[in-house]
Amino acid sequence: MEIFSVNDEKFRKYGKVWNNIECTKLIKGMEHTPLPEDVIYVPSVEELEAVPEAKTFSERVFGGLPIQIGYCNGNNHKLNAVEYHRNSEINIAVTDMILLLGWLPDVTDEFTYDTAKIEAFKVPAGTVVEMYETTLHYAPCNAADGGFKCVVILPKGTNTPIDFTLAADGEDKLMTAKNKWLIAHEEAAIKGAFNGLRGENISL
């Protein structure tokens, strides 16, 4: 599939690039995080949340709300699933990486989504990207051999275990963690996930 730049006009539907926000210390703090052969996601890392830049992201991007700063690192070449939140998500590309993105209004009333609608965007290392709450996304993909590293900033508590009771139908069946609604591809075999992706499990 064609891979666009995150600076391309096509990306405006999904989010924005923050060109005027400092993230040097956050990127530096990622040096000692693991880079496994698969994918690892850690929602909250105290060392990253302690850097002065964290306050800037809380105030300027999330309007003063409490935030968590974690990371998603590893090696990935497939879509596998899409997720969304009730708010924007910030990704800081520590390495070059590729985001596979969709648009929430394209999800059907039955919570299925046609993967042919997915678009790919390359994010250069050092770029700060905001993805809107209407943007379907999941783990980044490799832009080159050697994997990817990505800082992930979200409102505090997002992607942590659910500690309340949910119905087993409607949109509730998509929730796999707090503030996380997930639609998976059957091929990915994600335990407990709703398999609503239709079409090819896109591979890069």
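A disulfide, as I use the word here, is a pair of cysteine sulfur atoms within 2.5 Å.

**Ground rules**

I am working on a predicted model, where local features need pLDDT of at least 70, side-chain atom pairs count only at pLDDT 80 or more, and totals for chains, interfaces and linings use all residues. Residues are numbered from 1 along each chain as its sequence is written, and side-chain values use heavy atoms, with hydrogens and water left out.

**Entry: cysteines**

I began with the sulfurs, and by the rule above I count zero disulfides. Why does Cys 23 have no bond? Its closest cysteine sulfur belongs to Cys 150 and is 11 Å away, which is too far. I also looked up how open the site is: Cys 23 is buried, at 7% relative accessibility. For the record, buried means under 20% relative accessible area, exposed means over 50%, and partly exposed is in between (1.4 Å probe, protein chains only).

Cys 72 also has Cys 150 as the holder of its closest cysteine sulfur, but at 6.4 Å that is again too far for a bond. Cys 72 is buried, with a relative accessible area of 7%.

**Entry: the cores**

I went to the nonpolar cores next. I take such a core to be a set of buried Ala, Val, Leu, Ile, Met, Phe, Trp, Tyr and Cys residues joined through side-chain atoms within 4.5 Å. In soluble globular proteins, nonpolar side chains tend to be buried together.

The largest core here has 21 residues, and Leu 26, Phe 57, Ile 69, Ile 90, Ile 92, Val 128 and Ile 153 have the most contacts inside it. Helix H3 (53-61), strand S4 (67-74), S6 and S13 each give two or more residues to this core. My helices (H or I, at least four residues) and strands (E, at least two) are DSSP runs, numbered from the N terminus. A second core of 19 residues lies apart from the largest one, and Cys 72 is among its members, as are Phe 11, Leu 101 and Val 152.

Which residues does Phe 57 contact, leaving aside neighbours within four places in sequence? I listed Ile 21, Glu 22, Cys 23, Leu 26, Phe 62, Ile 67, Ile 90, Ile 92, Val 128 and Ile 153. A contact means heavy atoms within 4.5 Å.

Ser 58 is also in helix H3. Ser 58 counts as buried, at 13% relative accessibility. With the same sequence neighbours left aside, Ser 58 is in contact with Gly 63, Gly 64, Leu 65 and Ile 67.

**Entry: the largest pocket**

I set up a 1 Å grid over the protein atoms alone: a pocket is an open set of points where a 1.4 Å probe fits, with protein on both sides within 12 Å along at least five of seven lines, and lining residues have an atom within 4 Å of a point. Grid points are joined across faces, edges and corners, and the volume is the space filled by probe spheres set on them.

The largest pocket comes out at about 230 Å³. It has 15 lining residues, and those closest to its centre are Tyr 41, Cys 72, Glu 83, Tyr 138 and Ala 139. Strands S3 (39-42), S6 (89-93) and S13 (148-155) each supply at least two lining residues, and S3 gives the most, with three.

How many lining residues fall in each class? I get nine nonpolar, three polar and three charged. My classes put Ala, Val, Leu, Ile, Met, Phe, Trp, Tyr, Cys and Pro as nonpolar, Asp, Glu, Lys and Arg as charged, and the others, Gly among them, as polar.

**Entry: positive phi**

I checked Asn 179, which has phi near 55 degrees, a positive value in a residue other than glycine. Asn 179 sits in the loop between strand S14 (175-177) and strand S15 (180-184), and is buried at 16% relative accessible area.

Ala 189 also has a positive phi, near 50 degrees. Its place is the loop between S15 and strand S16 (194-195). At 64% relative accessibility, Ala 189 counts as exposed.

**Entry: loops and the start of the chain**

Lys 13 lies in the loop between strand S1 (3-5) and strand S2 (15-18), and is partly exposed at 39% relative accessibility. Not counting residues up to four places away in sequence, Lys 13 touches Trp 103, Asp 106 and Tyr 132.

Met 1 is in the segment before S1. From Met 1 to Asp 172, 171 residues apart along the chain, I get 32 Å between C-alpha atoms.
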